[in-house]
Amino acid sequence: MKLNKAVVFSANLSNIPGLCSGANALAQESVAAVIGSREQAESLLPWANKVVWLGEKAEGVMVESYAAALAELIGSEGAELVLVSNSTRDRCIAAKLAVRLNAGVVTDTSAVSVTEEGSVSTKRNVYGGAAEATVKGNGLTILVVPGGVFDELQASQPGVLAEVAAQPEDTGIKLVSVAAKQEETVDIAVAKRIVGVGRGLGSQDKLAAVESFAARLGAELGCTRPIAEEEHWMARSRYIGVSGATVRPDVYFALGISGQVQHIVGVSDSKLIIAINKDAKAPIFQNCDIGLVADMNKVLPQLTELF
């Protein structure tokens, strides 16, 4: 069972292919709304049945100022589903669209399907990851989707490009300047191989050995919340867990990670979890495919040489 039409949008255009994959899986027709250059819009034609180019973002406005234009587009397309990414900007837009379109919003989406009755059924983690809730949409549904939820799926037919001269609203908020974050950013949710570290690392100077191991694997580095938010040894964008990133890699190495439920929520959909921890009673061993009771700092050099 598929819906008739789904519209996707993200202020960050790199998120649109992943959202389109979901739209292509759930609906007969996918429509990507794009605010950016014409060239950027054209580059997305393989991913959506239709790409609507709304023009480039006007100077001095926030992307949220286009909520009215997006709502009008969604209404004119007769969409039954809207997919946006999990970024701060897109979450804000989702809320604005919900008010304008009288639609429900589901955040932190972990899985989506269409029921036999033609409604959207969504799974999301609740109570800090201790439980999973199933939410069924009634009418137009807006989903806030973290990266990596959908398998890569291009449109069944190459898309067509439509142009709409969208105008931003005057919200009374003016964009004065834009400055890049000093902190490193990475979209770990789309990584196929991830090496995650926890407090078992011991000290920041031992991180170099983990980086060497990850490089040998061609993997991204990830971590638990304390490593990013308390110790500040790694960037916040590498934090995996209930309030961080949700990942679905082919293989996940959990090094020195105890395996509390808040972290397991973020890695539970990994195809293979390999854990190394010197505490034989660590919860991670109840949630992994392969477990090794050992000091990660002693084992890691041998594993790096082996790989």
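Helix axes that meet at an angle under 35 degrees count as roughly parallel, a cut-off needed for the first of these views of a predicted model.

**View 1. Helices α5 and α8 pack against each other.** The axes of helix α5 (residues 207-217) and helix α8 (residues 296-306) come within 10 Å and cross at roughly 30°, and α5 and α8 are therefore roughly parallel to each other. The crossing of α5 and α8 is left-handed. On the α5 side the contact is made by A209, V210, S212, F213 and R216, while α8 contributes M296, L300, L303, T304 and E305.

**View 2. Helix α4 from end to end.** Helix α4 runs over residues 88-101, and because each of its 14 residues is expected to add 1.5 Å, the helix should span 20 Å, a value that agrees with the 20 Å between its end C-alpha atoms. Just after α4, the residue N102 takes a positive phi of about 55°.

**View 3. The buried and exposed faces of helix α4.** Within α4, the residues D90, I93, A94, L97 and A98 are buried. These residues cover an arc of only 140° around the axis, which puts them on the same side of α4. As a general matter, an α-helix has 3.6 residues a turn, so residues three or four places apart point the same way. The buried residues of α4 are covered by elements that include the strands β1 (3-9), β4 (81-85), β5 (104-106) and β9 (141-145), together with the helix α3 (67-77). On the face of α4 turned away from its buried side lie the exposed residues T88 and V99.

**View 4. The surroundings of H263 in helix α7.** Residue H263 is found in helix α7, which comprises residues 261-267, and with a relative accessibility of 5% H263 counts as buried. When its neighbours within four places in sequence are left aside, H263 is in contact with C223, T224, I240, G241, Y252 and I257. The C-alpha atom of H263 is separated by 25 Å from that of R89, a residue 174 residues apart from H263 along the chain.

**View 5. The surroundings of S110 in strand β6.** Residue S110 is found in strand β6, which comprises residues 109-114, and S110 is buried, its relative accessible area being 12%. Leaving aside its neighbours within four places in sequence, S110 is in contact with K123, R124, E132, V149 and R248.

Terms used. Residues are numbered from 1 along each chain as its sequence is written. This is a predicted model: local features need pLDDT of at least 70, side-chain atom pairs count only at pLDDT 80 or more; totals for chains, interfaces and linings use all residues. Side-chain values use heavy atoms; hydrogens and water are left out. Helices (H or I, at least four residues) and strands (E, at least two) are DSSP runs, numbered from the N terminus. The expected span of a helix is 1.5 Å times one less than its number of residues. Buried means under 20% relative accessible area, exposed over 50%, partly exposed in between (1.4 Å probe, protein chains only). The arc is that of the directions from the helix axis to the C-beta atoms. Contact means heavy atoms within 4.5 Å. Axes are lines fitted to C-alpha atoms, for helices over the stretch in contact, and angles run from 0 to 180 degrees between N-to-C directions. Angles under 35 degrees count as roughly parallel, over 145 as roughly antiparallel, 65 to 115 as roughly perpendicular and the rest as oblique. A crossing is left-handed if the near helix is turned anticlockwise from the far one by less than a right angle, and right-handed if clockwise.
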